[in-house]
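Here are a few short exercises, each with a worked solution. Have the model open beside you and try each task before reading on.

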Amino acid sequence: MERLVDRLDHESLTRRTRERAEDIRGAYYRDTTAIIHSSPFSRLKHKTQVFFAPANDHICTRMEHVLHVASIASTICKAFGLDSELAWAIGMGHDLGHTPFGHVGERIISSLFQERGLGSFEHEVNSLRVVRHLSNHGRGLNLTYAVQDGIVSHCGEHFLQRLSPDERVKDLDAIVTRKDLVPATWEGVAVRFSDSIAYLGRDWEDARRLGLLEGCPPLPEDVAEVLGRSNSAIINNLVMDLIENSGSSGMGFSDRMYQAILEMSSYNYRYIYRSELLEGYTRYFTRLIRLIVGYLDELMEKYGTDRKGYDEERNMLAAGFYAHLMELKDSYLEREGNLDRLVLDYVAGMSDNFALDCANEILKPEHLNDRIEQSQRGKWFDVQ
């Protein structure tokens, strides 16, 4: 098995947004610790991967997904003598900019961006914005170039048969789309493949667990024969095939395995991603997200930076958004010259549960009953 060698120099790959002395952890392990201690990472445990099922402990969440991707990529890198700590850091951080409610939420947020003339929303690019600007009180996580590059270039939604790094240095601040982006390192390439490997079988297995595939044709036998009949078998077979069929000319799958991947992907799209269940998600979550965005737009237009107006709303959403606005407005004005994206970025960062709580606060104005609640007579006695 041929060892894959990255020709980019160490100094370029480990360059940070802000200089800092490294310590015993090493540059990439330090990036991992910065990611796992960040607020965006914490929120992943309550973000949908594909299926919104907060009461079901066995349906994959966004946090589980990033752990799967990191572990798969690390395994691939160990096989080739690559830096598994770099792969682990990219894997752990690759979805920090994902929206609530999975790709359904991403499409809804993207439509709102387009309506406002702000271009499309892509979670890969937003993940880069999160680690560079939107986390840590607007200072970002100060990650290495190699990890940031891997995060923005990770798109695993399109199955590729073979890929090699693009060693040209990217201007990270100038990136506005994931289109045509290729990771600069072999470790980044490993994460990109691992993203696809992690969800191909898991989405299918979750769909079966939820009964979504009842009444649907089974996975074609020739596909199951090649890939496997469980998520763990699918991951193992894909990883082993990738290792056996990769070399300095590129990382990738055999023809036989790649054809099976395409067929299973087509099956998943037909019976899972385009299912009536996920279509129902779209209608419901569109109403929910637009409700929250409209409310926050109204607050900003009405109150600007006047704290009193937000306090008078008497709910956690208004109070929390005001704190967020005051914390990041200077960073937005310095970097972008306006606050046009602030509301949408804030909503895009929400967890599923928080978004639901916010909608509940908007629709149930408990504060209007405060005076009655504070009156013992009003609460306990019939005064007729």
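**Exercise 1.** Find which residue caps the N-terminal end of H5, then work out how enclosed H5 is by the rest of the structure.

*Solution.* Start at the cap: Asp83 takes this role, with a side-chain oxygen 3.0 Å from the backbone nitrogen of Glu85. A word on the source: this is a predicted model, in which local features need pLDDT of at least 70 and side-chain atom pairs count only at pLDDT 80 or more, while totals for chains, interfaces and linings use all residues. Residues are numbered from 1 along each chain as its sequence is written, and side-chain values use heavy atoms, with hydrogens and water left out.

Next, go along the helix, residues 84-93. Helices here are DSSP runs of H or I with at least four residues, numbered from the N terminus. The buried residues (under 20% relative accessible area, 1.4 Å probe, protein chains only) are Ser84, Leu86, Ala87, Ala89, Ile90, Gly91, Met92 and Gly93. That makes 8 of the 10 residues, so H5 is largely enclosed by the rest of the structure.

Finally, look for the partners: the buried residues of H5 pack against H2, H3, H4, H7, H8 and H9, where contact means heavy atoms within 4.5 Å.

**Exercise 2.** Describe how H13 and H17 pack, and say which residues make the contact.

*Solution.* Begin with the geometry. Two packed helices are described by the angle between their axes and the distance between the axes. For H13 (residues 276-303) and H17 (residues 352-363), the angle is about 65° and the axes are 10 Å apart. Axes are lines fitted to C-alpha atoms over the stretch in contact, with angles from 0 to 180 degrees between N-to-C directions.

Then list the residues. H13 brings Tyr284, Leu288, Leu291, Ile292 and Tyr295, and H17 brings Ala355, Leu356, Cys358, Ala359, Ile362 and Leu363. Sorted by class, the contact has 11 nonpolar residues, no polar and no charged ones.

**Exercise 3.** Why does Cys77 form no bond with the closest cysteine sulfur?

*Solution.* First, check the distance: the closest cysteine sulfur, in Cys155, is 19 Å from that of Cys77, too far for a bond. A disulfide needs two cysteine sulfur atoms within 2.5 Å. Second, widen the search: the whole structure has 0 disulfides. Third, check the surroundings: Cys77 is buried, at 0% relative accessibility, whereas Cys216 is partly exposed at 25%. Partly exposed lies between the buried limit of 20% and the exposed limit of 50%.

Note on methods:
Helix = DSSP H or I, 4+ residues; strand = E, 2+ residues; numbered from the N terminus. Nonpolar A, V, L, I, M, F, W, Y, C, P; charged D, E, K, R; others polar. Polar contact = N/O pair within 3.5 Å; in protein donor to acceptor, adjacent residues only side chain to side chain.
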